[in-house]
Amino acid sequence: MDSTTGKVIKCRAAVAWEAGKPLVIQEVEVAPPQAMEVRIKILYTSLCHTDVYFWEAKGQTPVFPRILGHEAAGIVESIGEGVTDLAPGDHVLPVFTGECKECAHCKSEESNMCELLRINPDRKVMISDGEARFSIDGQPIYHFLGTSTFSEYTVVHSGCVAKINPQAPLDKVCVLSCGFCTGFGATVNVAKPKKGSTVAIFGLGAVGLSAAEGARVLGASRIIGVDLNSNRFETAKQFGCTEFVNPLEHTKPVQEVLAEMTNGGVDRAVECTGNINAMIQALECVHDGWGVAVLVGVPHKDAVFKTNPIQFLTEKTLKGTFYGHYKPRTDLPVIVEQYLNGELELEKFITHSVSFSEINKAFELMLAGEGLRCIIRMDG
């Protein structure tokens with residue numbers, strides 16, 4: 001039983017009842033946190049394409065009714081038994097992946113893929129007892145990515161909660177809990193372009209622009225944005241992109257276009273689309289001898305990567321990354337401090353803001369390809 005209050009909380013949540021249908025804002029019951037869990041009052045959440053992907057349920061196993069949402073910031077309301085490093089009142093970022101600090105992955109400097117708490121899109125209940133903490137009239141409402149932030153209160157495993165500086169503005173740093181770190185870290189922690197190098201970014205949504213921002217911060221001389229939507233190119237200039245390629249405007253494959261632009265290929269490519277063709281193009285557009293391509297986007301579950309092995313025999317490297325290679329509990333507080341010190345810009349990622357009652361408008365904006373991040377204010 002929860003060591004603080006132990007009471008069920010009734011609050012508003014945006015419930016997805018079926019694929020592609022508008023979310024319904026209604027009262028849900030949120031059970032108290034059990035062992036190693038915390039209940040969080042969500043103050044700000046934002047919409048990520050992954051939420052839309054699972055809401056549409058075209059490429060994944062459909063799970064409904066469900067409370068989506070995984071990019072958010074809030075304050076701990078109560079803690080369950082065994083939680084020692086968090087307390088009510090702490091400012092926190094819930095994260096879709098975790099860090100138990102005990103398993104071989106958590107103890108390794110080379111991995112952030114926690115054995116216990118790594119992302120599991122199919123899990124719809126809490127780990128400790130296989131039950132949902134949300135319900136309506138006794139009917140379970142399922143969890144999403146262990147976070148379910150489209151609710152005024154949510155219950156999360158304590159290993160998926162990063163405690164941050166209470167001075168940080170939660171309506172800005174909420175974007176760190178998914179999109180920004182995924183893209184920025186893919187460049188700075190995994191691709192690691194050298195100063196003066198050339199970098200191609202496939203996909204100029206929020207994650208791709210975060211990857212471009214990483215290349216800008218590391219001093220890349222040319223950052224080439226690749227996207228099928230030319231309307232994104234103007235915005236991308238703010239994130240360091242110097243040139244643009246729209247594959248639809250070329251008769252040649254985009255990897256050939258990039259090779260011609262860069263005297264044989266780019267030094268680094270970061271793929272942020274989830275499109276299998278873009279993944280193959282990212283590898284094939286890097287320079288032989290030293291080129292590195294990094295995959296960030298999540299493909300369709302049946303997608304297959306096909307390329308000629310000569311791509312690797314010419315000393316190219318293909319890497320994948322998960323959450324920018326950041327360990328959430330260890331690294332997120334540090335990134336928040338970097339933001340507070342003026343080393344990172346988050347404001348330019350936030351293009352829209354809506355009240356919680358208008359959450360479906362955030363979905364409409366994303367489906368129309370408008371803006372980057374839409375902050376959802378839970379108080380409205």
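**Cysteines and a sheet**

Visitor: Cysteine 103, buried or exposed?
Guide: Cysteine 103 counts as buried, at 13% relative accessibility. Buried means under 20% relative accessible area, exposed over 50%, partly exposed in between (1.4 Å probe, protein chains only).

Visitor: What kind of model is this?
Guide: This is a predicted model, where local features need pLDDT of at least 70, side-chain atom pairs count only at pLDDT 80 or more, and totals for chains, interfaces and linings use all residues. Residues are numbered from 1 along each chain as its sequence is written, and side-chain values use heavy atoms, with hydrogens and water left out.

Visitor: How many disulfides does the structure hold?
Guide: Zero, taking a disulfide as a pair of cysteine sulfur atoms within 2.5 Å. Cysteine 103 is in none; its nearest cysteine sulfur belongs to cysteine 106, 3.7 Å away.

Visitor: And what about the sulfur of cysteine 174?
Guide: Its closest cysteine sulfur, in cysteine 374, is 10 Å off, which is too far for a bond. Cysteine 174 is buried, with a relative accessible area of 0%.

Visitor: Switching to the sheet: what is the strand order?
Guide: The order is E1-E2-E6-E7 in an open sheet of four strands, with antiparallel pairing. Strands (E, at least two residues) are DSSP runs numbered from the N terminus, and two of them pair if DSSP finds at least two bridges between them.

Visitor: Which strands stand at the edges?
Guide: E1 (9-15) and E7 (139-141); each has a single partner strand, so one side of each lacks a neighbour in the sheet.

Visitor: How many bridges join E6 to E7?
Guide: Three, with E6 covering residues 134-136 and the two strands running antiparallel. Serine 135 has proline 140 of E7 as its bridge partner.
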